[in-house]
Amino acid sequence: MGRYLVKRIAMAVVTLFTIITITFVLMHSVPGNPFRKEGKMPAVIYENLQKKYGLDKPLSQQYVIYLGNIARGDFGDSMKSRVETVNDMIERGFPVSATLGAEALLIAITFGPLLGVIAALFQNKWPDYMSMVIAIVGISVPSFVMGTLFIQFLARNIPGIPIGGWGTFAHTILPSIALAMMPLATMARLMRSSMLEVLNQDYIKTAQSKGLKRSTVIIKHAVRNAVLPVVSALGTIVSNLLVGSFVIEKIFGIPGLGYFFVSSITNRDYPLIMGTTIFYAVILVTMLLIVDFAYTIIDPRIKLMREA
């Protein structure tokens, strides 16, 4: 197990290094300059800005300097903000994004597998059809469209539900539900398919023939084995939540990290784009590691196969 852990951590480090390199190259391959669009900027000021942010150095030297800064956890100074560094923006915006993402993930984890189990237990009956209608809507309608519809038809007609902004629990209701719909639908469909397959296995029929309660068979034997595909998809689901939050935060005017990321692209703020991208990459790689190790807790057979 220790060897496997070291191997996975090494792969994670290589993955992060690759992401940093690709992002850096792509960022500096875009034609133009972040200071050119400022208008008629005097040449002296332009040269001073280039020197301040190290853009006057060769690209290879900029890359080495940036790697050194990343190793120290320093994402640099924002090119557009005069009072905050990229680290300050991440420190201010991430708790907001994390709160929104955690609420959306909680909604998806709570109701997604539950809908899938209900659909499988009542196959080809109205609970199955209703669950799959919700799943199809969640997958088919993008989160930003869902958020816009919520603002138009719910926030404007339900007292106490803010249209946008941040500060109270009420501000999180609509954006978290809009963000949760797609992962919820994905979990529901995965759980339904897996549950139907598990319910037809011989060991389930054996457990039923021994006189075990139906609830015991479903919860202890069927659900535990059927949930594996859902767990394996959690890494992708979390990434979808993070990416989806970019647009959701912009629509609802939420001052999270996604809001800063979208603004940084518009402003061509290189350090902020790089910083937020790498920060999110660290989170995603960490989540994938956690999901991978969670497999061994849910199904001990996986652990035995790795040690064999």
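Two residues are said to be in contact when heavy atoms of one lie within 4.5 Å of heavy atoms of the other. Keep that in mind as we walk through this predicted model.

**Helix 5 and helix 7**

Let's start with a pair of helices that pack against each other. From helix 5, the residues in contact are Asp128, Met132, Ile134, Ala135, Ile136, Gly138 and Ile139. Their partners in helix 7 are Met181, Met182, Leu184, Ala185, Thr186, Ala188, Arg189 and Arg192. Sorted by class, this contact of helix 5 with helix 7 has 10 nonpolar, 2 polar and 3 charged residues.

**Helix 7 and helix 9**

Helix 7 (residues 170–199) also meets helix 9 (residues 214–226). On the helix 7 side, the contact is made by Met191, Ser194, Met195, Val198 and Leu199. Helix 9 brings Ile218, Ala222, Val223, Asn225 and Ala226. Here the classes are 8 nonpolar, 2 polar and no charged residues.

The table sets out how the two pairs are arranged.

| Helix pair | Axes and angle | Handedness |
|---|---|---|
| Helix 5 and helix 7 | axes 7 Å apart, about 135° | left-handed |
| Helix 7 and helix 9 | axes within 8 Å, roughly 125° | right-handed |

How should we describe the angle of about 135° between helix 5 and helix 7? An angle over 145 degrees would count as roughly antiparallel, and 65 to 115 as roughly perpendicular, so helix 5 is oblique to helix 7. Helix 7 is likewise oblique to helix 9, with a crossing angle of roughly 125°.

**A closer look at two residues**

Is Asp128 buried or exposed? Asp128, which lies in helix 5 (residues 126–140), has a relative accessibility of 2%, so it counts as buried. Leaving aside neighbours within four places in sequence, Asp128 is in contact with Ala119, Phe122, Gln123 and Arg192. You have already met Arg192 as one of the helix 7 residues facing helix 5.

Leu106 belongs to helix 4 (residues 86–121). With a relative accessible area of 57%, Leu106 is exposed. Leu106 and Leu184 are 78 residues apart in sequence, yet their C-alpha atoms are 9.6 Å apart in space.

**What the record adds**

An unreviewed UniProt entry lists several stretches as "transmembrane region", including residues 9–30 and 104–122. In the model, residues 9–30 are 95% helix and 0% strand, with end C-alpha atoms 32 Å apart. Residues 104–122 are also 95% helix and 0% strand, and their end C-alpha atoms are 27 Å apart.

Key:
Residues are numbered from 1 along each chain as its sequence is written. This is a predicted model: local features need pLDDT of at least 70, side-chain atom pairs count only at pLDDT 80 or more; totals for chains, interfaces and linings use all residues. Side-chain values use heavy atoms; hydrogens and water are left out. Axes are lines fitted to C-alpha atoms, for helices over the stretch in contact, and angles run from 0 to 180 degrees between N-to-C directions. Helices (H or I, at least four residues) and strands (E, at least two) are DSSP runs, numbered from the N terminus. Angles under 35 degrees count as roughly parallel, over 145 as roughly antiparallel, 65 to 115 as roughly perpendicular and the rest as oblique. A crossing is left-handed if the near helix is turned anticlockwise from the far one by less than a right angle, and right-handed if clockwise. Ala, Val, Leu, Ile, Met, Phe, Trp, Tyr, Cys and Pro count as nonpolar, Asp, Glu, Lys and Arg as charged, and the others, Gly among them, as polar. UniProt positions are given in the numbering used here, feature names are shortened, and annotations may be inferred rather than shown by experiment. Buried means under 20% relative accessible area, exposed over 50%, partly exposed in between (1.4 Å probe, protein chains only).
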